[in-house]
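Biologist: Before we discuss contacts, I would like each label set against its cut-off. Could you take me through them one at a time?

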Amino acid sequence: AGRVTDNTDRHAADAALNPSATEVRATYDNDCDGFVDDAAWTPSPAEFADAPLPDQIAGVRVQRLTGHRDPRGELTVLLTSLHDVQGVAPHVYVVVAEPRSTRAWVYHNFQCDRLAYIERSFRLVLSDLRPESSTHGRLNVFDVGAENRVLVMISPYVVHGIKNLGSRPASFVNVPTRAHDPARPDKSRLSHDHPRIPYAFD
């Protein structure tokens with residue numbers, strides 16, 4: 001089927017396999033270039049579907065993350081411009097939380113945090129202290145991780161804290177909307193027992 005002058009054409013009996021063919025199947029090298037291109041596939045409708053919280057704080061968005069498994073393991077897309085025009089990733093980092101450790105409380109003045117949770121078990125708490133917000137004073141408490149895989153976008157000035165609920169180290173990924181500038185860090189902190197936040201981590 002290909003253009004060879006000896007008996008090395010492994011697909012001589014199949015005229016559909018030749019250098020002029022379009023690569024359309026994931027199991028054959030249709031165009032004889034030595035590579036097998038992936039076939040097109042349709043993502044699950046659940047991928048990046050909104051998963052709103054009860055009494056969700058304004059400016060917060062929760063989306064489902066879906067794992068794609070095969071015999072080698074699993075792949076999970078954490079952020080993509082195919083689903084969101086703000087899918088750009090100017091800064092990406094991984095946080096490893098020690099067992100039962102807590103990180104609270106923080107907020108940002110300019111950036112949105114986009115936190116991706118796909119493993120172990122965490123408790124994420126959000127508190128809206130913005131006086132002008134329609135959800136001022138509201139608290140969102142929910143568990144995320146292996147049993148609830150989500151991407152959580154948190155707007156500026158929404159205070160948040162996170163606890164690793166498990167007995168093993170656990171990691172999550174943050175893809176904020178602004179690059180971290182060490183000379184001008186966009187991060188403010190409140191004490192873990194701040195009186196304006198009606199929640200205490202155990």
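Modeller: Glu74 and Arg149 form a salt bridge, their closest N and O atoms lying 2.9 Å apart. This is a predicted model, in which local features need pLDDT of at least 70 and side-chain atom pairs count only at pLDDT 80 or more, while totals for chains, interfaces and linings use all residues. Residues are numbered from 1 along each chain as its sequence is written, and side-chain values use heavy atoms, with hydrogens and water left out.

Biologist: What makes the contact of Glu74 with Arg149 a salt bridge?

Modeller: The term asks for a side-chain nitrogen of Lys or Arg within 4 Å of a carboxyl oxygen of Asp or Glu, and the closest N and O atoms of Glu74 and Arg149 are 2.9 Å apart, so the pair qualifies.

Biologist: Why is Glu74 called partly exposed?

Modeller: Buried means under 20% relative accessible area, exposed over 50%, and partly exposed in between (1.4 Å probe, protein chains only); Glu74 has 39% relative accessibility and therefore counts as partly exposed.

Biologist: Why is Arg184, the salt-bridge partner of Asp181, called exposed?

Modeller: Arg184 has a relative accessible area of 68%, so it is exposed, whereas Asp181, at 29%, counts as partly exposed.

Biologist: What makes the aromatic pair of Trp105 and Phe201 tilted?

Modeller: Rings of Phe, Tyr and Trp (its six-membered ring) pair if their centres lie within 6.5 Å, with planes under 30 degrees apart counted as stacked, over 60 as edge-to-face and the rest as tilted. Trp105 and Phe201 are 5.4 Å apart centre to centre with 35° between the planes, so the pair is tilted.
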